[in-house]
Amino acid sequence: DGPIQKYLLIFGVLVSVLIQEMCHFAYYKPFFFKARVGLKSMNPGETAPSMRLIAYVSGLGFGIMSGVFSFVNTLSDSLGLGTVGIHGDPPQCFLNSASMTLVIILLHVFWGTVRLDACEKKKWYALLVVLLPHLLVSALSFINPRYGLKLVSAYIILVLTGVWTFFVSAGA
């Protein structure tokens, strides 16, 4: 059933994003503090890396993982000769997928930095402001094949989140 599958996919995206964000929050204190203490004990003469650096690296790791999964899904759809286009896919399918993969990687870096700052400063509203764009960007996949609208929306969210991350990171 088409409608049932669509609603199941929407439910799956919602649950997936909520689980991701809850896991990010749950591992914040034990992981980041233990990582910092562990790094300091390995190099007692040096200062431990800043929490912002750890947040950046963590966000980059999650971003690359999400980007790889995003791109692998597209590549799996392309198996066989001339598969793209046979099912009505526009020729911009791969360009859109590559562009969205870049957006996802950068957004996870930004979200990781903002999320850590929110936890450090106990600004719990910022966690919600990370969750909502995460849900929105994930839901953009449901407006395929309107790639122009999807990419413009994702890049607007990317720029706004990037500016916010710049100021959260004490950028000047």
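The following paragraphs lead through this predicted model, from its annotated segments to its nonpolar cores and one buried threonine.

The UniProt annotation "transmembrane region", taken from an unreviewed entry, covers residues 6–32, 53–74, 94–112, 124–143 and 149–170. Two of these segments may be examined in the model. Residues 6–32 are 100% helix and 0% strand, with end C-alpha atoms 38 Å apart. Over residues 149–170 the chain is 91% helix and 0% strand, and 32 Å separates the C-alpha atoms at the two ends.

The interior can be approached through its largest nonpolar core, which has 15 residues. Met100, Val103, Leu107, Trp111, Val137, Ala154 and Leu158 have the most contacts inside this core. At least two of its residues are supplied by each of helix 3 (93–121), helix 4 (124–139) and helix 5 (147–168). Helix 3 provides the largest share, 7 residues. A second, separate core has 11 residues, among them Phe32, Met51, Leu116 and Ala118.

Trp111 offers a closer view of the contacts. Leaving aside residues up to four places away in sequence, Trp111 touches Val130, Pro133, His134, Val137 and Thr161.

The last of these partners, Thr161, is found in helix 5. Is Thr161 buried or exposed? Its relative accessible area is 6%, which is under the 20% limit, and Thr161 is therefore buried. With residues up to four places away in sequence again excluded, Thr161 touches Leu107, Phe110 and Trp111. A polar atom of the Thr161 side chain also lies 2.7 Å from the backbone oxygen of Ile157.

How values were computed
Residues numbered from 1 in each chain as written. Predicted model: local features only at pLDDT ≥ 70, side-chain atom pairs only at ≥ 80, totals over all residues. Heavy atoms only, no water. Core = buried A, V, L, I, M, F, W, Y, C linked by side-chain atoms within 4.5 Å. Buried < 20%, exposed > 50% of the residue type's maximum accessible area, 1.4 Å probe, protein only. Helix = DSSP H or I, 4+ residues; strand = E, 2+ residues; numbered from the N terminus. Contact = heavy atoms within 4.5 Å. Polar contact = N/O pair within 3.5 Å; in protein donor to acceptor, adjacent residues only side chain to side chain. UniProt positions renumbered as here; feature names shortened; annotations may be inferred.
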